[in-house]
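Q: I'd like a close look at a single part of this model, namely the packing in its interior. Please take me through it step by step, and show me how it fits into the whole.

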Amino acid sequence: MTVASPAPGRRERNKQAKLARIVAAASSLFAEHGVDDVTTQQIADAADIGTGTLFLYARTKGELLLLVQNTHYERALREGRDAATAASGPIDAILALIAPIVRCNRVQVENGRTYLREMVFGDAGEPHHAEALRIVAETEDTVRGILTERAGRPSDDAAVLARVFSSTLFTAMAGATSPEITVDEILAAVRDQVTVVLGGQG
C-alpha cells in the first residue's frame with residue numbers, strides 16, 4: 001500500500017511562493033536589461049519582498065543568475081534528451097541534445113556568458129552553483145550514453161569523450177561574444193569538432 005506524501009505546510013508553501021516570485025522577477029529583469037544592469041533591490045521590489053529575504057535564497061547577483069538560468073537549462077536538457085532519441089546517428093544525437101542548451105544560452109548573450117563564468121568561477125559551496133554543475137554532469141552522462149549505445153564506445157572512453165565534448169560546447173558558447181553569431185553557427189562549429197574527435201563516425 002502506497003502512503004501519500006503529506007501536503008506541504010503553510011510555511012513551506014510560503015517559501016515556495018516567494019521563490020517562484022524571485023525567479024519570475026529576476027528572469028524578467030535579467031532578460032530585459034541584462035544581469036549587469038539589474039540591482040538586487042530591483043529584483044526584491046519586483047518580487048515584493050525585502051532584500052534581506054532575497055539574500056536568504058541567493059547571496060549574490062551571480063547566484064541569482066544561476067538560480068534563474070538553472071531552471072531554463074534544466075528544461076533545455078529535457079528537450080534535448082527527447083530530440084536526441086529521434087536522431088539517427090551519434091553525432092546527430094549529440095547535436096540534437098545540445099541544440100536547446102545553445103538556444104537557451106543565446107537568449108540574452110551577456111547573461112549566457114555570465115552564467116558560464118559563474119558556473120566555472122562561482123562559489124562551489126553555494127547550492128545554485130552546485131545545481132549548475134549537476135546539470136552539466138547530467139548532460140555529460142547523456143552524451144556518454146549516446147556514445148556507448150550508438151557508437152559502440154566503451155563506457156570509460158565514452159565518459160572521457162563526453163567531458164571533451166562538454167568543454168568544446170562550453171568554449172564555443174563562451175567565445176561567441178557577438179549577438180550576431182547564430183545558434184546554427186555555434187552548432188556547426190561544435191559538429192566539426194565532434195566529427196573529428198569521433199573520426200567521422202556519424
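A: Let's start with a term that we'll need along the way: a crossing of two helices is called left-handed if the near helix is turned anticlockwise from the far one by less than a right angle, and right-handed if it is turned clockwise. Please keep in mind, too, that this is a predicted model.

Here is the setting. The chain has nine helices and zero strands, so its elements, read from the N terminus, are α-α-α-α-α-α-α-α-α. Its C-alpha trace spans about 55 × 55 × 30 Å along the principal axes, and 42% of the 202 residues count as buried. Among contacts with a separation of 6 or more, 70% join residues 24 or more positions apart.

Now to the core itself. In soluble globular proteins, nonpolar side chains tend to be buried together. Here the largest nonpolar core holds 59 residues, and the members that touch the most others are Ile22, Phe30, Ile43, Leu64, Tyr115, Leu147 and Phe165. Helix α5, residues 90–105, gives this core its largest share, with eleven residues.

As α5 contributes that share, its packing partner is a good place to begin. The axes of α5 and helix α7, residues 127–150, come within 9 Å and cross at roughly 165°. Angles over 145 degrees count as roughly antiparallel, which is why α5 is described as roughly antiparallel to α7. The crossing of this pair is right-handed. On the α5 side, the contact uses Pro90, Ala93, Ile94, Leu97 and Ile101, while α7 brings Thr139, Thr142, Val143, Ile146, Leu147 and Arg150. Sorted by class, these residues are eight nonpolar, two polar and one charged. You'll recognise Leu147 from the list of core members that touch the most others.

Two more residues of α7 deserve a glance. His128 lies in this helix and counts as buried because its relative accessibility, 13%, is under the 20% cut-off. Leaving out residues up to four places away in sequence, His128 touches Tyr57, Ala58, Glu63, Leu66, Leu67 and Asn70. Gly145 lies in α7 as well, and with a relative accessible area of 11% it is buried. For a sense of scale, the C-alpha atom of Gly145 is 36 Å from that of Gly34, a residue 111 positions away along the chain.

Next comes the N-terminal stretch of the chain. Helix α1, residues 10–33, packs on helix α2, residues 40–47, at an angle of about 125°, with the axes 8 Å apart. That angle makes α1 oblique to α2, and their crossing is right-handed. The residues of α1 that make the contact are Arg21, Ile22, Ala25, Ala26, Leu29 and Phe30, and those of α2 are Gln42, Ile43, Ala46 and Ala47. Eight of the contact residues are nonpolar, one is polar and one is charged.

Ile43 is a helpful landmark in this contact. Leaving aside neighbours within four places in sequence, its contacts are Ile22, Ala25, Ala26, Leu29, Phe30, Val38, Leu54 and Leu64. Ile22, Phe30 and Leu64 are, like Ile43, among the core members that touch the most others.

Just beyond, the picture changes at Asp48, in the loop between α2 and α3, residues 51–57. Asp48 is exposed, at a relative accessible area of 62%. Its phi is near 60°, a positive value in a residue other than glycine.

Finally, look at the pairing of helix α6, residues 109–121, with helix α8, residues 155–175: the axes come within 9 Å and cross at roughly 135°. This makes α6 oblique to α8, and here the crossing is left-handed. Arg113, Leu116 and Val120 of α6 meet Phe170, Met173 and Ala174 of α8. By class, that contact has five nonpolar residues, no polar ones and one charged.

To gather the threads on handedness: α5 with α7 is right-handed, α1 with α2 is right-handed, and α6 with α8 is left-handed.

Key: Residues are numbered from 1 along each chain as its sequence is written. This is a predicted model: local features need pLDDT of at least 70, side-chain atom pairs count only at pLDDT 80 or more; totals for chains, interfaces and linings use all residues. Side-chain values use heavy atoms; hydrogens and water are left out. A nonpolar core is a set of buried Ala, Val, Leu, Ile, Met, Phe, Trp, Tyr and Cys residues joined through side-chain atoms within 4.5 Å. Buried means under 20% relative accessible area, exposed over 50%, partly exposed in between (1.4 Å probe, protein chains only). Helices (H or I, at least four residues) and strands (E, at least two) are DSSP runs, numbered from the N terminus. Contact means heavy atoms within 4.5 Å. Axes are lines fitted to C-alpha atoms, for helices over the stretch in contact, and angles run from 0 to 180 degrees between N-to-C directions. Angles under 35 degrees count as roughly parallel, over 145 as roughly antiparallel, 65 to 115 as roughly perpendicular and the rest as oblique. Ala, Val, Leu, Ile, Met, Phe, Trp, Tyr, Cys and Pro count as nonpolar, Asp, Glu, Lys and Arg as charged, and the others, Gly among them, as polar.
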